[in-house]
Amino acid sequence: MSNKISKNFKDFYILFGPPGAGKSTQALLLQEKLNLYYLSWGQVSREIMNNYGPYKNCYEVVKKLTEENKPFPEGFIASILNKEIEKVLKRNKDIKGIILDGFPRRIKEAEELIEILKNYNLNLQTIIKFNVNYETIKKRIEERKYCPKC
């Protein structure tokens, strides 16, 4: 994690909250309003679970740990996000920053993220925590469209 991309600091935002809280909806609005790039760990992990995308080689590990409801090994998610952030910064020179959703969830992951932020000169602006009651979340998730083939 030692490839500095930019000497200029870019902003970094973290969205924190349970599934169905509205993080993606708000991230997309912030992305448009503030010229930010939205990076979702959930989207990356869904690509892995569907066995496509640049990290499909991680499919067996992710599938096994998800099925067993076990945490990912230390550094696993951070390594993938480090590569994603590097790609985002190389391909999107004009963005003002990045919004991250779905990571970190543990103290060690937060420490790993801090190192990534330092490495890429990303300035943590804020962590936005979504507080939504259980019934609202349940209703939102039940209303989501789901296609078992996708």
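Across which strands does helix H5 lie, and at about what angle does H5 run to S1?

1. The model under review is a predicted one. In answer to the opening question, helix H5, made up of residues 107-119, lies across S1, S3 and S4, and its direction is at about 160° to that of S1.

2. The sheet itself is open and has 4 strands, arranged in the order S2-S3-S1-S4 with parallel pairing. Strand S2 (36-40) and strand S4 (122-129) are the edge strands, and each has a single partner, so one side of each is left without a neighbour in the sheet. On average, and with direction ignored, neighbouring strands of this sheet are turned by 20° against each other.

3. Strand S1 (residues 10-16) pairs in the parallel sense with strand S3 (residues 97-101) over 5 bridges, and S1 is joined to S4, again running parallel, by 7 bridges. The register can be followed residue by residue: Phe 12 stands opposite Ile 98 in S3, the bridge partner of Leu 15 in S3 is Asp 101, and Lys 10 has Leu 122 as its bridge partner in S4. Because 5 of its 7 residues are buried, S1 is largely enclosed by the rest of the structure.

4. The largest nonpolar core comprises 26 residues, and those with the most contacts inside it are Phe 12, Ile 85 and Ile 98. At least two residues of this core come from each of S1, helix H2 (41-49), helix H4 (76-91), S3 and H5, while the largest share, 8 residues, is supplied by H4. Once residues up to four places away in sequence are set aside, the residues that Phe 12 touches include Ile 85, Ile 98, Leu 100, Leu 113 and Leu 117, as well as Leu 122 and Leu 124. A second, separate core has 8 residues, among them Ala 21, Leu 36, Tyr 38 and Ile 99.

5. Glu 84 deserves a separate comment. This residue is placed in helix H4, and its relative accessibility is 11%, so Glu 84 counts as buried. The side chain of Glu 84 is joined to that of Tyr 55 by a polar contact of 2.8 Å. With neighbours within four places in sequence left aside, Glu 84 is in contact with Leu 39, Val 44 and Pro 54 as well as with Tyr 55.

6. A search of the whole structure finds 9 salt bridges. One of these pairs Glu 86 with Lys 90, at 3.2 Å from N to O; both residues lie in helix H4, 4 residues apart, which is about one turn of the helix. The partners differ in their surroundings, for Glu 86 counts as buried at 17% relative accessibility, whereas Lys 90 counts as partly exposed at 47%. Elsewhere, salt bridges that share partners join Lys 64, Glu 68 and Lys 70 into one network. Within that network the closest N and O atoms of Lys 64 and Glu 68 are 3.0 Å apart, and Glu 68 also meets Lys 70 at 3.4 Å, N to O. Lys 64 is partly exposed at 46% relative accessibility, as are Glu 68 at 36% and Lys 70 at 48%.

7. A last point concerns helix H6 (residues 134-143), where the number buried is 1 of the 10 residues, so H6 lies largely in the open. The N-terminal end of H6 is capped by Asn 133, a side-chain oxygen of which lies 3.2 Å from the backbone nitrogen of Glu 135.

Note on methods: Residues are numbered from 1 along each chain as its sequence is written. This is a predicted model: local features need pLDDT of at least 70, side-chain atom pairs count only at pLDDT 80 or more; totals for chains, interfaces and linings use all residues. Side-chain values use heavy atoms; hydrogens and water are left out. Buried means under 20% relative accessible area, exposed over 50%, partly exposed in between (1.4 Å probe, protein chains only). A polar contact is a pair of N or O atoms within 3.5 Å; within protein, one must be able to donate a hydrogen and the other to accept it, and residues adjacent in sequence count only if both atoms are side-chain atoms. Two strands pair if DSSP finds at least two bridges between them. Axes are lines fitted to C-alpha atoms, for helices over the stretch in contact, and angles run from 0 to 180 degrees between N-to-C directions. Contact means heavy atoms within 4.5 Å. A nonpolar core is a set of buried Ala, Val, Leu, Ile, Met, Phe, Trp, Tyr and Cys residues joined through side-chain atoms within 4.5 Å. A salt bridge is a side-chain nitrogen of Lys or Arg within 4 Å of a carboxyl oxygen of Asp or Glu.
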